[in-house]
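Here are a few notes to help you find your way around this one. Have the model open and follow along point by point.

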Amino acid sequence: MSTKSRLPRRLIQLYVGLVLYGASSALLVVAGLGLEPWNVLHQGLAELTGLTIGVVSIIVGAAVLLLWIPLRQRPGLGTVSNVFVVGLAMDGTLALVPEAHSLAVRIPLMLTAVVVNGAATGLYIAARLGPGPRDGLMTGLHRRTGRSIRLLRTAIEIVVVATGFALGGTVGIGTVLYAVSIGPLAQLFLRVFDVPAASGGSTVVAGVQPRRAILRR
C-alpha cells in the first residue's frame, strides 16, 4: 500500500487519538484521584493563573516545542496538532462531564481514563505523524546528551510532578497507576493500531519517532 493511500487512515488515527488523549486526561481530572505527571503541572499552573487546564496545556506544549530548536528536532503535523487538540479536548470534556463525588464513580472513572489514555497513546503514535512536544524533548535530549531516555524521562517527570504538586496539582493513586500502566498499555495498543512505515519521506512526518520515549520507562 502506498504512502498516499495510507494517509487518510493515519490522519484519522492521529486526531481520534489526540481527542481521546485529551478526553481521558479530563476524566482523570474529574475523578480527582491523581493526574498524569504533566497534567499535575498543568493543573497547578491553572490554579495559579486562573486559566483553564486545557489552555495551560497548550501554552506549556508550545513552550516545550520551542526547546526543540536548540535540540535540532523536527516537528511533524502530529507534533503541532498535539499542542492544540489535546488541550481543546480536555476543556471540552470538562465542560460536558459533571463533577464526580462518590468513590463508587470516581474509581471506575479513573480506571477507564487510564485505559483510554493508553489506547489514545497507541493511536496517535502509530499514526507516525510526529511525536508530541514532550516526547520529542526526551528523544532530543537523549540524542544530545547520550543519557538514557528512561533516566531523562524519570528526572523530568519528577521535577514536573513536584512543581505541579507545590502549585496545587492533584497527585494520588491515579498518578501512580498511570506511571506503572501507561507503558504496557501503550505498547499493547501500538501493536493493535500500527500502520506500516512508509517507504519514502513525507512532509508531514517528523524524523524522530517517540516510541522509546513513551515505552522505555
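1. Let's start inside a helix. Arg153 and Glu157 sit four residues apart in helix α8, so about one helical turn separates them. That fits the general picture: an α-helix has 3.6 residues a turn, so residues three or four places apart point the same way. Bear in mind throughout that this is a predicted model.

2. Those two side chains do pair up. Arg153 and Glu157 form a salt bridge, with their closest N and O atoms 3.1 Å apart. Arg153 is buried, and Glu157 is buried too.

3. Arg153 has another partner, so keep it on screen. Asp135 also makes a salt bridge with Arg153, and here the closest N and O atoms are 3.5 Å apart. This pair ties together distant parts of the chain: Arg153 belongs to helix α8 (residues 149–166) and Asp135 to helix α7, with their positions 18 residues apart in numbering. Both Asp135 and Arg153 are buried.

4. Put the two pairs together and you get a network. Because they share partners, the salt bridges join Asp135, Arg153 and Glu157 into one network.

5. Now look at α8 as a whole. This helix has 18 residues and spans 25 Å from its first C-alpha to its last, close to the 26 Å expected at 1.5 Å a residue. Which residues of α8 are buried? They are Ile149, Leu152, Arg153, Ile156, Glu157, Val160, Val161 and Gly164. If you look down the axis of α8, these buried residues fall within an arc of 150°, so they line one face of the helix.

6. Turn to the other side of α8 and you'll find exposed residues: Ile158, Val159, Phe165 and Ala166. Just after the helix ends, Gly168 takes a positive phi of about 110°.

7. How many salt bridges are there by this rule? The count comes to three. Away from the network, Asp194 and Arg128 meet through their side chains in a salt bridge, 3.1 Å from N to O. This pair also links distant parts of the chain, 66 residues apart: Asp194 is in the loop between α9 (173–193) and α10 (211–215), while Arg128 is in the loop between α6 (103–126) and α7 (133–145).

8. Are the two partners in that loop pair buried or partly exposed? Asp194 has a relative accessible area of 29%, so it counts as partly exposed. Arg128 comes out at 18%, which makes it buried, since the cut-off for buried is under 20%.

Technical notes
Residues are numbered from 1 along each chain as its sequence is written. This is a predicted model: local features need pLDDT of at least 70, side-chain atom pairs count only at pLDDT 80 or more; totals for chains, interfaces and linings use all residues. Side-chain values use heavy atoms; hydrogens and water are left out. A salt bridge is a side-chain nitrogen of Lys or Arg within 4 Å of a carboxyl oxygen of Asp or Glu. Helices (H or I, at least four residues) and strands (E, at least two) are DSSP runs, numbered from the N terminus. Buried means under 20% relative accessible area, exposed over 50%, partly exposed in between (1.4 Å probe, protein chains only). The expected span of a helix is 1.5 Å times one less than its number of residues. The arc is that of the directions from the helix axis to the C-beta atoms.
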